[in-house]
Amino acid sequence: GYIPTWLSSLTKLSILDLSRNRFTGSIPDELGSLSLLRFLSVSYNKIAGSIPSRIDQLSRLMYLGLSNNYLVSSIPPSFSKLSNLASLFLDDNYLTGDLNVIESLS
């Protein structure tokens with residue numbers, strides 16, 4: 001199945017671990033409204049498409065796991081706004097482009 005968009009109504013969430021659930025489809029833009037989120041993992045699914053640009057609204061995010069999916073395109077420039085991000089996992093996808101976007105996170 002797909003990652004349900006109604007998860008965005010759980011506005012007090014700080015941890016959302018959806019890894020290893022065989023989700024398909026894409027990462028819903030609506031997850032960008034979870035402003036208290038500190039941990040987000042959708043690793044080890046079958047998610048395709050690009051990384052949503054609204055991910056930059058997760059300003060408290062410290063951990064982002066997107067590994068082992070079918071993500072394509074490049075890392076959105078908005079990643080530079082994730083100033084609290086300490087752990088980022090993008091391995092085993094089909095991402096392209098320049099990593100300079102995440103260089104500012106160091």
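**Exercise 1.** Classify Tyr-94 from its relative accessible area: buried, partly exposed or exposed?

*Solution.* Start with the cut-offs: buried is under 20% relative accessible area, exposed is over 50%, and partly exposed is in between (1.4 Å probe, protein chains only). Tyr-94 comes out at 51%, so this residue counts as exposed. Before going on, note that this is a predicted model, where local features need pLDDT of at least 70, side-chain atom pairs need 80 or more, and totals for chains, interfaces and linings use all residues. Residues are numbered from 1 along each chain as its sequence is written, and side-chain values use heavy atoms, with hydrogens and water left out.

**Exercise 2.** Work out how many aromatic pairs the whole structure holds, and describe the pair of Phe-39 and Tyr-63.

*Solution.* Rings of Phe, Tyr and Trp (its six-membered ring) pair if their centres lie within 6.5 Å; planes under 30 degrees apart are stacked, over 60 edge-to-face, the rest tilted. Searching the whole structure turns up three aromatic pairs. Phe-39 and Tyr-63 make a stacked one, at 4.3 Å centre to centre with 10 degrees between the planes. Now place them: Phe-39 belongs to strand β2 (residues 39–41) and Tyr-63 to strand β4 (residues 63–65), so the pair links distant parts of the chain, 24 residues apart (strands being DSSP E runs of at least two residues, numbered from the N terminus). Phe-39 is partly exposed at 23%, and Tyr-63 is partly exposed at 24%.

**Exercise 3.** Which geometry do the rings of Tyr-70 and Tyr-94 adopt?

*Solution.* The ring centres of Tyr-70 and Tyr-94 are 6.2 Å apart and their planes meet at 10 degrees, so this pair is stacked. In sequence, Tyr-70 sits in strand β5 (residues 70–74) and Tyr-94 in strand β7 (residues 94–96), another link between distant parts, 24 residues apart. Tyr-70 is partly exposed at 42%. Last step, look for a cluster: ring pairs join Phe-39, Tyr-63 and Phe-89 into one.

**Exercise 4.** Find the residues that form a salt bridge, and say which parts of the chain they tie together.

*Solution.* The rule asks for a side-chain nitrogen of Lys or Arg within 4 Å of a carboxyl oxygen of Asp or Glu. The count is one salt bridge. The partners are Lys-81 and Asp-56, with their closest N and O atoms 3.2 Å apart. Lys-81 is in the loop between β5 and β6 (87–89) and Asp-56 in the loop between β3 (48–49) and β4, so the bridge ties together parts 25 residues apart in sequence. Lys-81 is exposed at 54%, whereas Asp-56 is buried at 17%.

**Exercise 5.** What does the side chain of Asn-69 reach, and at what distance?

*Solution.* First locate Asn-69: this residue is in the loop between β4 and β5, and is buried at 4%. Its side chain reaches the backbone nitrogen of Asn-45 at 3.2 Å. Leaving aside neighbours within four places in sequence, Asn-69 is in contact (heavy atoms within 4.5 Å) with residues including Val-42, Tyr-44, Ile-47, Asp-92 and Tyr-94.

**Exercise 6.** Over the face of which residue does Arg-20 lie?

*Solution.* Arg-20 is in the loop between β1 (15–17) and β2, exposed at 60%. Arg-20 lies over the face of Tyr-44, 4.0 Å from the ring centre (the test: NZ of Lys or CZ of Arg within 6 Å of the centre and within 35 degrees of the ring normal). Then check the backbone: phi of Arg-20 is near 60 degrees, positive in a residue other than glycine.

Definitions and conventions. Helix = DSSP H or I, 4+ residues; strand = E, 2+ residues; numbered from the N terminus. Polar contact = N/O pair within 3.5 Å; in protein donor to acceptor, adjacent residues only side chain to side chain.
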